[in-house]
Every structure is written in structure tokens, then in C-alpha cells.
Amino acid sequence: MKVLYFAWLRAKTGVAVEEVTPPGEVATVGDLLAWLKGRGPGYAEALADLQVVRVAVNQEYADPDQPVGPNDEVALFPPVTGG
Amino acid sequence: MIRVQREDFDPGQELAALTAGNHKVGGLAVFVGLVRDLAGDETVGAMTLEHYPGMTEKMLERIEAEARARWPLEASLVIHRTGRLEPGERIVMVACASAHRQAAFDACGFLIDWLKTKAPFWKLEEGPAGAKWVEARESDDEAAARWAPEEPDAAE
């Protein structure tokens with residue numbers, strides 16, 4: 001699974017993009033966020049407040065209960081501020 | 001048409017090209033967003049626009065298609081810049097052409113309001129205390145909510 005981080009999520013995790021292989025019990029966006037949080041202090045800090053984290057799966061906005069799998073592209077980013 | 005680009009654009013040329021040869025257009029509304037030198041009470045030296053290549057274009061195309069479905073538009077254009085921009089520089093342009101002004105005004109307002117809450121761009125501002133990621137504003141969500149019904153995969 002490919003995971004991308006943008007804006008301060010990238011700054012806090014120190015990662016722009018990575019390939020991850022979560023354990024089998026990680027089935028949804030919510031599971032994935034909880035698992036990523038345990039990957040290190042930067043991840044824990046970045047994912048401390050999930051109210052300000054948006055998730056896209058294969059470039060579509062996704063809810064916590066949406067399923068994720070090995071071939072998905074998952075992006076984590078703050079609420080958008082363009083325009 | 002949508003464009004995501006680093007380089008500047010010329011609004012006059014863009015508007016002329018948008019309606020060239022189409023004499024059904026009676027009204028053309030445009031919004032151009034510029035970089036300000038102030039955020040709250042802090043001065044801003046510059047800002048950097050980051051985005052999610054691929055998803056950005058997809059969302060902009062979808063937002064534009066929604067505008068074309070809701071209003072009788074003859075032409076529409078969204079240009080959004082990325083990279084480092086200084087105060088006074090253009091960030092974004094939205095233009096809508098229709099037979100009459102109301103559809104052009106409304107579609108233009110809709111496009112910029114939805115873009116601000118759905119297209120994956122983020123601003124990093126350079127101020128006196130260093131660089132800071134801009135926080136999303138509730139007033140932007142409220143502005144976008146004016147155009148409800150929301151699409152099912154909305155950001156919120």
C-alpha cells in the first residue's frame with residue numbers, strides 16, 4: 001500500500017511517500033490511521049488529532065470505515081486551504 | 001477547462017480566449033485571487049502552494065463539471081498556481097461565461113467556494129516567526145455550504 005503525506009503531516013512524519021505493509025487486521029481507513037500512529041513519535045504527533053486529518057483513498061475523499069487494501073493509494077493531509 | 005501550473009497567467013488574455021468566437025456569451029464573470037501581505041495581524045513575506053498532483057486535477061474537473069451541470073454555461077475556466085508566490089501575485093482565477101449575468105455570477109461564486117473546501121491545495125506562509133501552515137477557515141466551509149446539496153464524497 002502506498003501512503004502519501006502532505007503539508008504538516010509530511011513535516012511531522014518526515015515522510016512524503018512510503019510503501020507500507022500493514023498487518024492483516026488493518027481493514028479500514030480508521031484501522032490504518034491507528035496502525036500508522038504506532039510507527040514512531042513523528043507519526044503519533046501527526047495523527048494525534050484526527051479531526052484535522054483528511055484521508056483520500058485512490059484520490060477520493062474517504063471516511064474512517066472505508067476499506068483499504070494492498071493496492072490502494074492512501075493520502076493523509078490537513079483540511080485544504082487553496083484558492 | 002482546468003489548469004494547475006507554476007507559472008503566472010494573464011487574466012485578460014485568458015478571458016479573451018475563453019469566449020473567442022462564441023457570440024452566445026452575454027455575460028462573463030471572473031474571480032482572481034491574489035496573495036496578501038497580511039494574515040491576521042502578521043505580515044506575510046511569501047507563501048508556498050502545495051498540492052496533490054492527480055487528485056487536484058480530478059477534483060477541479062469534478063467541481064467544474066458540477067458547475068456546468070447546474071448552470072447554463074457557454075464556457076468555464078479554473079487556473080490554480082502552485083509553488084512559491086509573493087504578495088500581489090495571482091494565485092487562482094475562475095471565470096464563467098453564460099448568455100446572462102446571473103448564471104455567470106453564481107457559477108463563478110460556486111466554483112471558487114467549492115474549490116476552497118475540496119481541492120487539495122495547502123498554503124505555507126512565511127512570516128516574521130518563520131513558516132506556518134495556514135489553517136482551514138470555518139467561513140470557507142460556510143461559504144461552500146451555501147451551494148448545498150453537497151456531493152456525497154465531500155471533504156467534510
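A polar contact is a pair of N or O atoms within 3.5 Å; within protein, one must be able to donate a hydrogen and the other to accept it, and residues adjacent in sequence count only if both atoms are side-chain atoms. Between chain A and chain B, 13 residue pairs are in polar contact, both residues being at pLDDT 80 or more.

The model you are looking at is predicted: local features need pLDDT of at least 70, side-chain atom pairs count only at pLDDT 80 or more, and totals for chains, interfaces and linings use all residues. Residues are numbered from 1 along each chain as its sequence is written, chains are lettered from A and ligands numbered from 1 in the order in which they are written, and side-chain values use heavy atoms, with hydrogens and water left out.

**Where the chains meet**

Taking contact as heavy atoms within 4.5 Å, chain A brings 20 residues and chain B brings 30 residues. About 2100 Å² is buried between the two chains, and carbon and sulfur atoms give 56% of that. Buried area here is the accessible area (1.4 Å probe) that two parts lose on being put together, summed over both. On the chain A side, Tyr61(A), Thr81(A) and Gly83(A) supply 34% of the area that chain A buries against chain B, more than any other three residues.

There are also 3 salt bridges between the chains, each a side-chain nitrogen of Lys or Arg within 4 Å of a carboxyl oxygen of Asp or Glu. One of them links Glu60(A) to Arg62(B), with the closest N and O atoms 2.6 Å apart.

**Strands in chain B**

Helices (H or I, at least four residues) and strands (E, at least two) are DSSP runs, numbered from the N terminus. Two strands pair if DSSP finds at least two bridges between them. Here are some pairs from chain B:

| Strands of chain B | Sense | Bridges | A partner pair |
|---|---|---|---|
| 5 (46-51) and 9 (121-127) | antiparallel | 6 bridges | His51(B) and Phe121(B) |
| 2 (27-34) and 8 (90-98) | antiparallel | 8 bridges | Gly27(B) and Ser98(B) |
| 6 (73-81) and 8 (90-98) | antiparallel | 7 bridges | His80(B) and Val92(B) |

Strand 8 of chain B is mostly covered, with 8 of its 9 residues buried, meaning under 20% relative accessible area (1.4 Å probe, protein chains only).

Now follow the open sheet of 4 strands in chain B, ordered 7-5-9-10 with antiparallel pairing. Strand 7 (83-85) and strand 10 (130-133) of chain B each have a single partner strand, so one side of each is left without a neighbour in the sheet.

Technical notes: Buried means under 20% relative accessible area, exposed over 50%, partly exposed in between (1.4 Å probe, protein chains only).
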